[in-house]
Amino acid sequence: MRRLNRKKTLSLVKELDAFPKVPDSYVETSASGGTVSLIAFTTMALLTIMEFSVYQDTWMKYEYEVDKDFSSKLRINIDITVAMKCQYIGADVLDLAETMVASADGLVYEPAIFDLSPQQKEWQRMLQLIQSRLQEEHSLQDVIFKSAFKSTSTALPPREDDSSQPPDACRIRGHLYVNKVAGNFHITVGKAIPHPRGHAHLAALVNHDSYNFSHRIDHLSFGELVPGIINPLDGTEKIALDHNQMFQYFITIVPTKLHTYKISADTHQFSVTERERVINHAAGSHGVSGIFMKYDLSSLMVTVTEEHMPLWQFFVRLCGIVGGIFSTTGMLHGIGKFIVEIIYCRFRLGAYKPVSSVPFEDGHTDNHLPLLENNTH
């Protein structure tokens, strides 16, 4: 009884076989089929290699949401060199929401030489070249995100030459913590002093002829400092053509959460618009000479996540490649063979043309070929 049930089950399974076996005696191989098979296998191998390279690659996914964090502080990372001596200039942040001066204790003033050494000039040239490429090809930003913490440092390298030239500039570097509201970071003449109604700078003690706000922004970023990230103003250099020149940078900051397979950081992206003008009160151009960076924060937050193709999706795509090529090449081979057979048959039918009939004297015709007679002379 059990054997009978097994036989019935086995026969039922055989009937459900979707892959019937063809005996070898019924299979006919041909040179054309072998050629098509070689082409199909080669194509499958190439597409499989390409698909594997796609599987190894990753891409950045961008998600947008409203930024609900208002209580935390915003960190500003600064590394700017101004072509004036440190005792003549001062840097601070004016918080526009509370009209108060943020603490500038985190900034360090270092005497420096404004002109770069040959190695530093090469660094600046490469950084400016990367900035120009980033403006043309925005997709390169994804490459920078993925290579963060893996690439070399983007900081200004130290001087390799022992220059005896006395310092003629001031390097202001460090970081500040401010409220997450619009503000104004500026560098102008004189040291900043607190004031009940705002703030002021001691500019009266500085000679007007010593004003020179030519500057170089080696680094400016907001949020957590992430090595390897290139910001829009890194490598910027401006030369003042007049003593009373104002440089303005209008910055829009977008909070960004970066999650890659290497790092996870809370940083900020920003876009910037530049403007410069000469202060001339007689011509109606009012203001204060210096460097002004007016920033504002976006209400949206961007989450950038590095994603990878799932393994099951890779296998599905791979099966689609193999099955699709097999089916397509089989159909093309069958159609090509059918066309060739039609053409070949027509040529063969054209070789057997009907023979013209031989008429008799009584009007009948003979379709047989006449016998050849031997003519003897």
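In helix α3, one of the helices taken as DSSP runs of H or I of at least four residues and numbered from the N terminus, the buried residues (under 20% relative accessible area with a 1.4 Å probe, protein chains only) are Gln120, Trp123, Gln124, Leu127, Gln131 and Leu134. Seen down the axis of α3, these buried residues fall within an arc of 95°, so they line one face of the helix, the arc being that of the directions from the helix axis to the C-beta atoms. On the other side of α3, Pro118, Lys121 and Glu136 are exposed, that is, over 50% relative accessible area. The model is predicted, with local features requiring pLDDT of at least 70 and side-chain atom pairs pLDDT 80 or more, whereas totals for chains, interfaces and linings use all residues. Residues are numbered from 1 along each chain as its sequence is written, and side-chain values use heavy atoms, without hydrogens or water.

The largest nonpolar core, a set of buried Ala, Val, Leu, Ile, Met, Phe, Trp, Tyr and Cys residues joined through side-chain atoms within 4.5 Å, has 35 residues, and those with the most contacts inside it are Phe185, Ile187, Ile251, Met293 and Tyr295. Among the elements that give two or more residues to this core are the strands (DSSP runs of E, at least two residues) β7 (183–189), β12 (245–259) and β14 (290–297), while β2 contributes the largest share, five residues.

Elsewhere, Met331 lies in helix α5 (residues 311–351) and, because its relative accessibility is 56%, counts as exposed.
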